[in-house]
Amino acid sequence: MLRRFITQPSFAQRCRCLLSRQASGDSFRQCSSSSTASSQVPVGTSVDPTADAHFPDDYASQPSATISVDRSGLNNPPGSTSVYLFIFIRISVEMCLNLLVVVAEHSHEPSEDSELVKHLKSIIKFRGGPISVAEYMEEVLINPKAGFYINRDIFGAEGDFITSPEVSQMFGEMVGVWAMCLWEQMGQPNRVNLVELGPGRGTLMADLLRGASKFENFIQSINIHMVEVSPALKKIQKTTLKCNHEDGADENTATTFTGTPISWYSTLEEVPIGVPAIIIAHEFFDALPVYQFQKASRGWCEKMIDVGEDSKFRIVLSPQPTPATLYLLKRFKWARTEELTKLEHVEVCPRAMDLTQTIAKRISSDGGGALIIDYGLDAIVSDSLQAIRKHKFVNILDDPGSADLSAYVDFPAIKNSAEEVSEDVCAYGPITQSQFLGNLGINFRVEALLQNCTDEQAESLRTGYWRLVGDGDAPFWEGPNEQTPIGMGTRYLAMAIVNKKQGAPVPFL
Ligand SMILES: C[S@@+](CC[C@H](N)C(=O)[O-])C[C@H]1O[C@@H](n2cnc3c(N)ncnc32)[C@H](O)[C@@H]1O
């Protein structure tokens, strides 16, 4: 069954070759105190089915990732506003004409306003009216004092949600295979900027480096650049990557456990140019702020966040077009006619469009490519913004700053933004995560690991594998129903943007 993911034999052989070499080391993903939900399987095991797979002694004691919810909205499908605490929707066509229309109010009774709530309310007060959903989302996520991402570790069983790199080290290894294939297609340049946007705990990068550590030419060519806004996560990334700081060196520069130079920045624009780039964005675009629109009798109105007379946040409709409507119109130009006729709600993410254009310009001038993996749609996105706290979906207005906010990624908007800004780049995909990992050879990897492991390790491997490439409930699961692992294989999509000179990137051939 595992082999069904391989659809391109010659390419699969190439990846298998990379994987075999990659796997001949003996290093393992070590447990860090913060990686509570990771499947601790070895990195350095040969994919040759006859070879031994080695597990660290403490592997079996690691908690399973299955209790963790991912952020793709499985339990809160796009289009649904039935999150737990919504009490009230009232849209009145008559009221629409000159007034802000209350779309939703929120029943949460906070004991006392948090600093972030006070800050949001003061913005609304001084602005003299509601703020966009995008501004609200940005404040909630990355406000420098109280943003959701800023001060804590939000991943794993003890955190708020789980991501693929935390599910299994195989994910970072496969992204490493992709990066090495691209580097080969680029002609094996001896200097490359390996950039990761939103690296979380640094787990993907650590697994990529361990997996690639046998490829000396690749490892020696790379400089790592992490784009991270959160001081707390930056600290965790340094621990995960076992960073060494030279005495007196800037705290934003170090070397990783592979001796690779690494630096941190707040934005992609700060990362040095002039060197080919391999850019990785895993679950980064979904955290970028979205504007929401709703079709009303007078046309498309922006949904905005206001404070009601009862001092609670509520969602209202703008009485007239707002500046963000320009992005809505831009997005409509790229939509298919049949898509447009059905729409009642639309989300647009100008930041994603702008970031994509920054990426595309860099790739166009310096060479290289970008890999974007996220949950999202190969279509216009309607109404997907959601909040997750402690593995449960909650109302987006509920205690802002204490829950993650994220929205589906609009992949056609990314493709069009990239190709609009430069004729030298081409966007490929999206393909499903299952196709992406399958065509890169994840099945060889898991089969080899399954050759030599305890029952408990095998269960954890299968769970991680299923979670990454499967779709829906795991068919082999025998544990408690509420912990059944739900596959991320089709809900997560992968897209590559590359310089045309290099040809189509693997595995998007
Ligand atoms: C959902 S997490 C994904 C983490 C990681 N890629 C993974 O898959 O585990 C989003 C990451 O992006 C970072 N982030 C969010 N918004 C950002 C922004 N505007 N600029 C830089 N980093 C940001 C967060 O701090 C976090 O590291």
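In what sense, and over how many bridges, do strand β9 and strand β12 pair? In this predicted model, strand β9, which covers residues 291-296, and strand β12, which covers residues 345-348, pair in the antiparallel sense over four bridges. Within this pairing, Q292 has E347 of β12 as its bridge partner. Strand β9 also pairs with strand β10, formed by residues 299-307, and this pairing is antiparallel as well, with five bridges. Here K295 has W300 of β10 as its bridge partner, and the connection from β9 to β10 is a hairpin that passes through two residues. Strand β9 is thus paired with β12 and with β10.

A further group of strands is found later in the chain, where three strands form an open sheet in the order β15-β14-β16, with antiparallel pairing. Because β15 (392-394) and β16 (404-406) stand at the edges and each has a single partner strand, one side of each is left without a neighbour in the sheet. On average, and with direction ignored, neighbouring strands of this sheet are turned by 40° against each other. The pairing of β15 with strand β14, which comprises residues 386-389, is antiparallel and rests on three bridges, and in it R389 stands opposite K392 of β15.

Turning to the helices, two packed helices are described by the angle between their axes and the distance between the axes. For helix α5 (residues 169-185) and helix α14 (residues 442-451), the axes come within 10 Å and cross at roughly 135°. An angle from 115 to 145 degrees is neither roughly perpendicular nor roughly antiparallel, and α5 is therefore oblique to α14. The crossing in which α5 passes α14 is right-handed. On the side of α5 the contact is made by M170, E173 and M174, while α14 contributes I442, R445 and V446. Sorted by class, this contact of α5 with α14 has four nonpolar and two charged residues, but no polar ones.

The surroundings of the ligand were examined next. The ligand is surrounded by 18 residues, of which Y149, T163, G198, G200 and V229 are the closest. When the residues of this shell are sorted by class, 10 are nonpolar, five are polar and three are charged. Two helices, α3 (133-142) and α4 (164-167), each supply at least two residues of the shell around the ligand.

Some details of the backbone remain to be described. The peptide bond that joins G429 and P430 is cis, with an omega of about 5°, and P430 itself is placed in strand β18, which covers residues 425-432. A cis peptide bond is also present from V506 to P507, where omega is near -5°; P507 lies in the segment that follows β21 (492-499). In addition, K242 has a positive phi of about 45°, although this residue is not a glycine, and K242 is located in the loop between α8 (231-240) and β6 (253-255).

Definitions and conventions:
Residues numbered from 1 in each chain as written. Predicted model: local features only at pLDDT ≥ 70, side-chain atom pairs only at ≥ 80, totals over all residues. Near = placed C-beta within 6 Å. Nonpolar A, V, L, I, M, F, W, Y, C, P; charged D, E, K, R; others polar. Pairing = 2+ DSSP bridges. Axes fitted to C-alpha atoms, helices over the stretch in contact; angles between N-to-C directions. Parallel < 35°, antiparallel > 145°, perpendicular 65-115°, else oblique. Left-handed = near helix turned anticlockwise from the far one by under 90°. Contact = placed C-beta atoms within 7 Å.
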